[in-house]
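Grab a pencil and open the viewer. Below are some exercises, each with a worked solution to check yourself against.

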Amino acid sequence: MNYSRFKLIFRLLPVIFFLQYFNSVYAQKKPAGFKEIKEGEIINLYDAFGKDSMLKKDFGFSCITKFHGKIILFDAGSNADLFKYNCKKLAIDLRKVDFVVVSHGHFDHLNGIDYLLSIHPKVKIYFPYDIFWGAPVPFDATGQEISCKDSLPSYQQYFDGGPTKFTIHQSGRFWNSNIEFVKSSREIMPGLHLIATSSSYMGYFSCYPNKSFVEGQFNQAKDECKQSGLPELSCSMKTENGQILIVGCSHTGIDNIIAETRKITEDKIDLVYGGFHMIPFDRKQTIDLIFKLKNEFMVKRVAPAHCTGHLAFKLLQDSFEKNYLYAGLGSVVK
Ligand SMILES: [Fe+2]
């Protein structure tokens, strides 16, 4: 490099520094265009009721929150296009999501994940241990009259005559995603527990004679039928006032999920937010359940959404009064 070129660069240095400084200041002041999710607030991103006419209502559920600096997406609604639309209208930057909790494998909580993965493909996803969505399958292909196997040539025997009990490590619906299937309740970061339950109301049933085709997955029910309750995850976060529990659809029963949360966290329940799945219940059943939540489980506040149902919205509101928090689409619960 000759001397004149060196002199030119030297003279330009202040300009370069100024431009860099200006750029950094501008970048900080420039509105990001996205909403900042504040610590402790829960925003409903997908639901069939709400006040904001700019958002698109649909039956399904999704919410987003921030806990100890981590942005957590819980469920993703029924329709990826509507999920994308509502997130954009609400100025939610899904690329900032640290991890996702999917409550269960029903379409109305799940399909927006396809949109999320298109813009944030490596995001960590916690999913219930559900073999119909990708969890490893412990499988028993032994069948009956075991010795019959030996009369067959090896090329007609499973795995050339190898063991007939094995685990199928399937790729699942979310192939190549950063997904973890959660079998039992556990703390995934300080103060945040995933609560794993399974539904006695709804699940996967196998009524083939003799053995269930999936060993270990199905518990003996009655007669020859073996069944597996639908696995479901809820998310419980510790605060100084007790646990903030987010539920998706409560197919396990909202009371059973709360009981498991109290057992696992050994803490009181400050708030239950999400779908309580009380639509099927009549007035007496609804009143009994609300009584249980309030008096047996000492739930302080409720923020029902999604599948809770009109009757339960009304009766929960009558019962919890000021401790009933409105949680429709687009609302922010603090
Ligand atoms: Fe649901």
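Helices here are DSSP runs of H or I at least four residues long, strands are runs of E at least two long, and both are numbered from the N terminus. On that count the protein has 7 helices and 16 strands. Keep in mind that this is a predicted model.

**Exercise 1. Decide which stretch of the model to leave alone.**

Solution. Start with the overall confidence: the protein averages a pLDDT of 89, and 85% of the residues score at least 70. Next, look for the weak spot. Over residues 22-31 pLDDT stays under 50. Then check what that stretch touches: the model gives it 0 contacts beyond four places in sequence. Where pLDDT is low, the predicted coordinates should not be read in detail. So residues 22-31, with pLDDT under 50, fall under that warning.

**Exercise 2. Trace the open sheet that includes β1, and work out its edges.**

Solution. Step one is the order: 7 strands run β8-β5-β4-β3-β2-β1-β16, with mixed pairing. Step two, the edges: β8 (178-182) and β16 (332-333) each pair on one side only.

Now walk inward from β16. It pairs with β1 (residues 42-46) in the antiparallel sense over 2 bridges, and Ile42 stands opposite Val333 there. From β1, 4 bridges lead on to β2, again antiparallel. In that pairing, Asn44 has Cys63 of β2 as its bridge partner. Cys63 is also bridged to Phe74 in β3, where β2 and β3 (residues 70-74) are antiparallel over 5 bridges.

Last step, the connection: β2 and β3 make a hairpin with 2 residues between them, and His68 in the turn has a positive phi of about 50°.

**Exercise 3. Is β2 mostly enclosed or mostly open? Count its buried residues to decide.**

Solution. β2 covers residues 62-67, and 5 of its 6 residues are buried. The strand is therefore largely enclosed by the rest of the structure. For the wider picture, 34% of the 334 residues in the protein count as buried.

**Exercise 4. Test the length of α6, then find its buried side.**

Solution. First, the length. Helix α6 (residues 283-296) has 14 residues, and at 1.5 Å a residue it should span 20 Å. Its end C-alpha atoms are 19 Å apart, which agrees.

Second, list the buried residues: Thr286, Ile290 and Leu293. They sit on the same side of α6, because they cover an arc of only 60° around the axis. The spacing makes sense too: an α-helix has 3.6 residues a turn, so residues three or four places apart point the same way.

Third, ask what that side meets. The buried residues of α6 pack against α5 (254-265) and α7 (310-320). Turned away from the buried side is a face with the exposed residues Lys284, Phe291, Asn295 and Glu296.

Finally, peek past the end: just after α6, Met298 takes a positive phi of about 55°.

**Exercise 5. Compare the surroundings of Phe159 and Ser250, two non-glycine residues with positive phi.**

Solution. Begin with the general rule: most residues other than glycine have a negative phi. Phe159 has a phi near 50°, and Ser250 has one of about 50°.

Place them next. Phe159 is in the loop between β6 (137-140) and β7 (165-168), while Ser250 lies in the loop between β13 (242-247) and α5.

Now count neighbours. Phe159 has 10 C-beta neighbours inside 10 Å, so it counts as exposed. Ser250 has 28 other C-beta atoms within 10 Å, and is therefore buried.

**Exercise 6. Which residues does Gly172 touch beyond its sequence neighbours?**

Solution. Find Gly172 in the loop between β7 and β8. Leaving out residues up to four places away, it touches Trp133 and Gly134. Check the backbone: the C-alpha atoms of Gly172 and Gly134 are separated by 3.6 Å, though the two are 38 residues apart along the chain. With 18 other C-beta atoms within 10 Å, Gly172 is partly exposed.

**Exercise 7. Find the hubs of the largest nonpolar core and explore Val102.**

Solution. The core has 62 residues, and those with the most contacts inside it are Val100, Val102, Leu245, Val272 and Tyr273. Pick Val102: beyond four places in sequence, its contacts include Leu110, Ile113, Ile125, Phe127 and Leu233.

Technical notes
Residues numbered from 1 in each chain as written. Predicted model: local features only at pLDDT ≥ 70, side-chain atom pairs only at ≥ 80, totals over all residues. pLDDT = per-residue confidence, 0-100. Contact = placed C-beta atoms within 7 Å. Expected span 1.5 Å × (residues − 1). Buried ≥ 20, exposed ≤ 12 C-beta atoms within 10 Å, placed from the backbone. Arc of directions from axis to C-beta. Pairing = 2+ DSSP bridges. Core = buried A, V, L, I, M, F, W, Y, C linked by C-beta atoms within 7 Å.
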